[in-house]
Amino acid sequence: MAGHKVGHATLKGPSVVKELVIGLALGLAAGGLWKMHHWNEQRKTRAFYDLLERGEISVVHPEE
Amino acid sequence: MIVLKWLFLTISPCDAAEPWQLGFQDAATPIMQGIIDLHHDIFFFLILILVFVLWILVRALWHFHYKENAIPQRIVHGTTIEILWTIFPSLILMFIAIPSFALLYSMDEVVVDPAITIKAIGHQWYWTYEYSDYNSSDEQSLTFDSYMIPEEDLELGQLRLLEVDNRVVVPAKTHLRIIVTSADVLHSWAVPSLGVKCDAVPGRLNQISILVQREGVYYGQCSEICGTNHAFMPIVVEAVSRKDYGSWVSNQLIPQTGEA
């Protein structure tokens, strides 16, 4: 059976492969945006601990 | 300076539950950081699948609307697509399983020589902490109870249902062993920022190893139903510098040696 095109009496019909490829591309793009967010969070966390280690910032409130 | 301020203000640590909180609390141990990273890895696949399935759904509704497509097709087989939609999910599961097992086994690693051992004993409805590494002259270990501060006794800025009268003070950047048990019914010693949840079972000693990476105050709550005041026996861990920890231990022990 022709899995690539869905036949109609008069119209051409959608291409299954094309829709799957577009869906996958959109999914990967959205996933890529999430990955960028994740890498940014990791970078900020690493920077935070680096600054903490070097003593440039502190999480302890200075005693008055 | 502006960069420092931006970094600090955007990453002011969140080590307690917040109203309308959506994500995790900030990690204060390597274990919790690993849990957050694993969640992010899995969420990538979740988003991919969600967007892909939504796209296919919307397009199917679009193309096969009854007005556009009066005669439905009767498709019974599609060998290629059936193979694809078996193999791709298996691959996704494999990509999820690898970091998951790596984290699981690393969490099970027991630190061979922790600097300090603390016992956390659950009661109805409070926790008792024992620091048995420091025995005073009458062989009594440093022991204290930790009760929730009732709402009417809270000071300005304190957190409702989370504050306690005596916190678990621990040194930061030091390997700790926590032994959790119970004196009566089941409880669970849980602190989200530290990535810790350990059941307190009467007659059993459960052990966990933690390394708190930064000083701070970390809040948790009992996580196993234990009776009417299950929601009112929180846990507060205060990580301080080693010097401050030494001073705290000395101060705790002095009254006991004074009495001996």
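**Exercise 1. Chain A**

What are the helix and strand percentages over residues 20-36 of chain A, and how far apart are the end C-alpha atoms?

Solution. Keep in mind that you're looking at a predicted model.
- Start with the record: the unreviewed UniProt entry puts a "transmembrane region" at residues 20-36 of chain A.
- Now check that span in the model: it comes out as 100% helix and 0% strand, with 24 Å between its end C-alpha atoms.
- Step back to the whole chain, and you find one helix and zero strands in chain A.
- Finish with the surface: of the 64 residues in chain A, 23% are buried. The chain exposes about 4600 Å², and carbon and sulfur atoms supply 62% of that area.

**Exercise 2. The annotated spans of chain B**

Take the spans that UniProt lists for chain B and work out how much helix each one holds in the model.

Solution.
- Begin with the domain: the unreviewed entry lists "Cytochrome oxidase subunit II transmembrane region profile" at residues 16-111 of chain B. Over that stretch, the chain is 66% helix and 0% strand, and the end C-alpha atoms sit 26 Å apart.
- Then pick out the two spans that UniProt (unreviewed entry) calls "transmembrane region", residues 42-62 and 83-105 of chain B.
- Residues 42-62 of chain B are 100% helix and 0% strand, with 30 Å from end to end between C-alpha atoms.
- Residues 83-105 of chain B are likewise 100% helix and 0% strand. Here the end C-alpha atoms are 33 Å apart.

**Exercise 3. Chain B as a whole**

Is chain B more spread out than a compact globule, or not, and why?

Solution.
- Count the elements: chain B has four helices and ten strands.
- Put them in order from the N terminus: α-α-α-β-β-β-β-β-β-β-β-β-β-α.
- Compare the radius of gyration with the rule: chain B comes out at 25 Å, whereas the globule rule gives 18 Å for 260 residues, so the chain is more spread out than a compact globule.
- Look at the box around the C-alpha atoms: roughly 95 × 45 × 45 Å along the principal axes.
- Add burial and contacts: 37% of the 260 residues of chain B count as buried. Among contacts with a separation of 6 or more, 62% join residues 24 or more positions apart.
- Last, the charges: chain B carries 14 positive and 28 negative ones, and their mean positions are 11 Å apart.

**Exercise 4. Two residues in chain B**

Find out for I118(B) and R242(B) whether each is buried or exposed, and what each one touches.

Solution.
- Locate I118(B): look in strand β1, residues 116-123 of chain B.
- Read its accessibility: I118(B) is at 1%, and the cut-off for buried is under 20%, so this residue is buried.
- List its contacts beyond four places in sequence: among them are Y129(B), Y131(B), V168(B), V170(B) and I179(B).
- Check a distance too: E155(B) is 37 residues from I118(B) in sequence, and their C-alpha atoms are 28 Å apart.
- Move to R242(B), which belongs to helix α4, residues 242-259 of chain B.
- Its relative accessibility is 55%, and exposed means over 50%, so R242(B) is exposed.
- Even so, R242(B) has contacts beyond four places in sequence, with P171(B), A172(B), K173(B) and T174(B).
- For scale, F45(B) lies 197 residues from R242(B) in sequence and 42 Å away in space, C-alpha to C-alpha.

Conventions. Residues are numbered from 1 along each chain as its sequence is written. Chains are lettered from A and ligands numbered from 1 in the order in which they are written. This is a predicted model: local features need pLDDT of at least 70, side-chain atom pairs count only at pLDDT 80 or more; totals for chains, interfaces and linings use all residues. Side-chain values use heavy atoms; hydrogens and water are left out. UniProt positions are given in the numbering used here, feature names are shortened, and annotations may be inferred rather than shown by experiment. Helices (H or I, at least four residues) and strands (E, at least two) are DSSP runs, numbered from the N terminus. The radius of gyration is taken over C-alpha atoms; the globule rule is 2.2 Å times the number of residues to the power 0.38. Buried means under 20% relative accessible area, exposed over 50%, partly exposed in between (1.4 Å probe, protein chains only). Contact means heavy atoms within 4.5 Å. Lys and Arg count as positive and Asp and Glu as negative; His and the chain ends are not counted. The place of a charge is taken as NZ of Lys, CZ of Arg, CG of Asp or CD of Glu. Accessible areas come from the Shrake-Rupley method with a 1.4 Å probe; for residues, only the protein chains shown count as cover.
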